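This report looks at how parts of a protein chain are held against one another. The sequence and structure come first.

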Amino acid sequence: MASISSILGNGTANITTDCTAIFCYPTSKSGQNIVTGLYLDLALGALFLIGFVLWRGSFPIYQARMYIAKKQWRPALMPLKGHRRLWSWLVPPFTVSDSELLRQAGLDAVASLRIIEYGILVLAPLTVLGVAVLIPVNYTNSASEIVSGSRLDSAFLRMTMSNIPKDSGRLWVPFVYVILFVAWASFLLVRYHKAHLSLAMWHEFHPESEVVKGHSSQEEAGDSPVGNGSAAPPPAPASSDASAGGVSVTLADPEAGLLSRRTASHIDSRVVPSVLPGAPPVALGGPECVLTVRGQPYGVPRVGRYAVLILDDAEERYHFSGEGVLPGVSVLSRRRRGWPASYAVVGTEEEEEGGEDGSPTHGEGGEGGEDKEAEDGLAWRHANRRMQSAGRVFGEVFADDFVAVVPVYDCRAVDKLLHRRFGLVRRLERSRAALQAHEAGEPGDGAPAPTPRRRKRRDARLAKLTAAATQLEDELRAVLLEVETAKRRTLERPPTGPFFAVFRTQEAAAFAAGVNVNPPDQHLMRVLPSPDPADINWVALLRGWKQRMVRPLLVFPVIMVIMLFPIGIFTGAFSQLSTAICGVPAGDADLTTYATSWFCSDERLARFLRNLLTGFLPSLLLSLYQVLVLPLAFYLVAQAEATSFSLEDLDYRCGELFFYWNVFNLFLGALLGGSVLSSIQTFLERPSNIWPLLGNAIPASSNFFVLYVMFRGFALVPFRLFWPAASVFVFILKWLRIISWAKVPIDKAMEIPARNLRYSRDIGVIVMAIYVAVFAYAPITPFILPFGLIYFSLMWIVWRYQALYVYESVTNAQGRIWPYFAHRLVACLLIQVIFTSAMFIVKGGYVQAGILLAVLSLSLYGLRRYLKLLDRKGGIQTLRSKHLAGRVDPPLDLFTAPPLRSDADSVWYPEWGKAWQYWGVPRYGF
């Protein structure tokens, strides 16, 4: 490490009288900051790696998929004892093929891994070229005449573009490097994009390779396709009355053109579709109380392709005057001329009066319950109007291929009770386990009788445990009754606006998803492809069309506050804090005097603390903000928008917000906070030097990003291996015997739940932040390239290991993470072009800047359009794949929220309906 210190500088700088204190001193210390940060990062990384190696045999979270995945999807066993545990975890990442990874972890894991692999391949040759060419070209220059005679004695700055004199011919070297960088990155991006589309297409025609995600709460020899055999196996035909799993459903009657409910019981006389619970309450005792903490698999692969999602829209009626065609939005009218009678909306004049928001008509209803009943009646009629209209059209067009219309109900009350039931069952299991342990501790026949005092204590303990178990059983019985009552009350209430239409063929569903099912003279709804049942974002479906219009407007200011919160500016300015405290070194006549306190002295410990404060802590602070605050904030606002109807879309909406935050907050904020703000005083005192100082200030800010990339590569990549989730802390406490290990099955299952990868967070905010920083600064500060390459190389190993052994997918997004990344990588390349062009303008390279902006910007625009063209060609499901899927009878209860299903005991679990499961995010938000 001594050689590194000699290259980067020893922390003492010879600053001339023409350089201002606020700018020059932080630059001269950047080399020492990097060395200090490197020491700390390597030490922390080694500590995390040692902790992982020592505890990986004791903590099941490090190989969670060995316990939670099905047998056919489990990875290979690894030695966890002896000396082989030191390196056995490194073998699977290098020996498991992509095809095996696809089979075990799914297409999403393969696509996300290729994002990191792309970073290795794109940076490997460019790093060699940057270190071998750019750094020598920059280092052997002297730009001393640019800053009013001052000399850049910092070795770190000499390796940047700021050391090239203005109007120098050497500016053509970084110019050529940018062209090679963009060309190589674009070439690789197109190759990877085509390879991903080919893999996705192969995956489309080989559904047997797809991991139909699901987990069982207990190991079973013959795994039931839908938990405890409560629903139809794939793709067995449904019963003649179209009931699935004891749940009555609604069917379309094409002959009558109306929706009828084929069930023996009715809530009331309203002719509306409903899904009624058919199973009796769960009995108490023994195995009947077993709950699940993980999702269940679905019987029909990609069952969502057999359905469409229909969203309610603002109701508009078009009134046609005379024989002409003059549409206009008017009040509700019964007069429709020239349309077939089959298109008439079922209803009466009274039903069509009043607003669609459910408010009663003038003079209708009374006080209290009467107003509520009138409001519900209007909501019923509006929902009925849409479902009848859609069911009539689908029944007439698709005939026997159309199965049913399935409404969506607000299940929050039932879900709350099921959470209470879950907690009571856990407490009851613990109580019964304690009671059994107490009874097992009774002395045997041959043992001496206990003393009366001990017998009295044992009897008191037994009575207390028995009373506690009895009380929990009584509470559980009461909650079970409340659950059934809440289910019935929920189903008596009007459904929410959206609903599903289910078909027997994928061709029919695909055709229905692309047409307008509204009557010719009105607008009621719109049709979208349905997500898979496991991927449905039920929270968004609880919102009507008014909330879907208003919520994004209300949430937008909150998003702007998060985007503009100055964490990037703060951390960037934090790296300049020692200058604000200490000033600049003494000995320069025109500069302020260096502070004389111990913190500002030349003692080794003082220098170490200053470098720790300005180099290491800003990266740590930023990483903690990214890990603890930012994901929760963006998840809440994305869910509050109510515009993502699948968990996959919700996750990628978070990814969009993360990327915008990377660019506008982290990158630009740290740039402004670390460089431009540090030069404000100089700009005010010497306006003529604004462009030279800006040309030096922009590369000087790269010290923050170099330290950030180093910190993530050397410290946080090993930390990710050591700390895949916060439950590691719980395991450490159990290992230290501070808290006890789980003793009952449900607590053991909760120790290693099916925790999924948060692709939007892990790719959008962590990996993409490295891409933005490295790509933007590569031509200006090539010293950042080796650290970026090291980060992607180490992350590739850790990511591949955790995809195989730790994290489990909960939805099948069909690899959509790669297109998300590809289009944003084009934006990263554009940032590089704009950023480098600005440096050329500062350095007087107007020709280079003009060529880059004109040629490369247009080239990247063409690349973006070409990628979109490839997406349209490869992203559309082919007609052949839909035809080969065959004709099935999808279980209709799959399109009912888990709390309302009759088999809720096997399909409901605490984290259902969340895009990030077991990561502490709320389901319903605000």
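The text below covers salt bridges, a sheet with a helix across it, and a helix pair in this predicted model.

**Salt bridges**

Side chains of opposite charge can pair when their charged atoms come close. The model has 29 salt bridges. Three of them are listed here, each with the distance between its closest N and O atoms.

| Acidic residue | Basic residue | Closest N and O atoms |
|---|---|---|
| Glu808 | Arg65 | 2.5 Å |
| Glu473 | Arg432 | 2.9 Å |
| Asp762 | Arg761 | 2.7 Å |

Glu808 forms its salt bridge with Arg65. Because Glu808 sits in the loop between α26 (784–805) and α27 (817–842) while Arg65 belongs to helix α4 (residues 65–68), the pair ties together parts that are 743 residues apart in sequence. Both Glu808 and Arg65 are buried.

Glu473 pairs with Arg432. Helix α12 (residues 452–492) holds Glu473 and helix α11 (residues 412–440) holds Arg432, so this salt bridge ties together parts that are 41 residues apart in sequence. Arg432 has 23% relative accessibility and therefore counts as partly exposed.

In the pair of Arg761 and Asp762, Arg761 counts as buried because its relative accessibility is 7%. Asp762, at 3% relative accessibility, also counts as buried.

Salt bridges also link Asp400, Asp401, Arg504, Arg887 and Asp889 in a network.

**The sheet and the helix across it**

Four strands form an open sheet in the order β4-β5-β3-β6, with antiparallel pairing. Strands β4 (402–407) and β6 (522–529) are at the edges; each has a single partner strand, so one side of each lacks a neighbour in the sheet. From one strand to the next, the twist averages 30 degrees.

Strand β3 (residues 307–317) runs antiparallel to β6 and is joined to it by 7 bridges. Ile310 stands opposite Val527 in β6. Helix α15 (residues 545–564) lies across β3 and β6, at about 85 degrees to β3.

**A helix pair**

At what angle do α7 and α25 pack? The angle between helix α7 (residues 107–139) and helix α25 (residues 759–777) is about 10 degrees, and their axes are 12 Å apart. The angle makes α7 roughly parallel to α25, because angles under 35 degrees count as such. On the α7 side, the residues in contact include Ile115, Tyr118, Val122 and Leu123; among those they meet in α25 are Ile763, Val767, Tyr771 and Phe775. The residues of this contact between α7 and α25 comprise 11 nonpolar, 2 polar and 1 charged.

Technical notes:
Residues numbered from 1 in each chain as written. Predicted model: local features only at pLDDT ≥ 70, side-chain atom pairs only at ≥ 80, totals over all residues. Heavy atoms only, no water. Axes fitted to C-alpha atoms, helices over the stretch in contact; angles between N-to-C directions. Helix = DSSP H or I, 4+ residues; strand = E, 2+ residues; numbered from the N terminus. Parallel < 35°, antiparallel > 145°, perpendicular 65-115°, else oblique. Contact = heavy atoms within 4.5 Å. Nonpolar A, V, L, I, M, F, W, Y, C, P; charged D, E, K, R; others polar. Salt bridge = Lys/Arg side-chain N within 4 Å of Asp/Glu carboxyl O. Buried < 20%, exposed > 50% of the residue type's maximum accessible area, 1.4 Å probe, protein only. Pairing = 2+ DSSP bridges.
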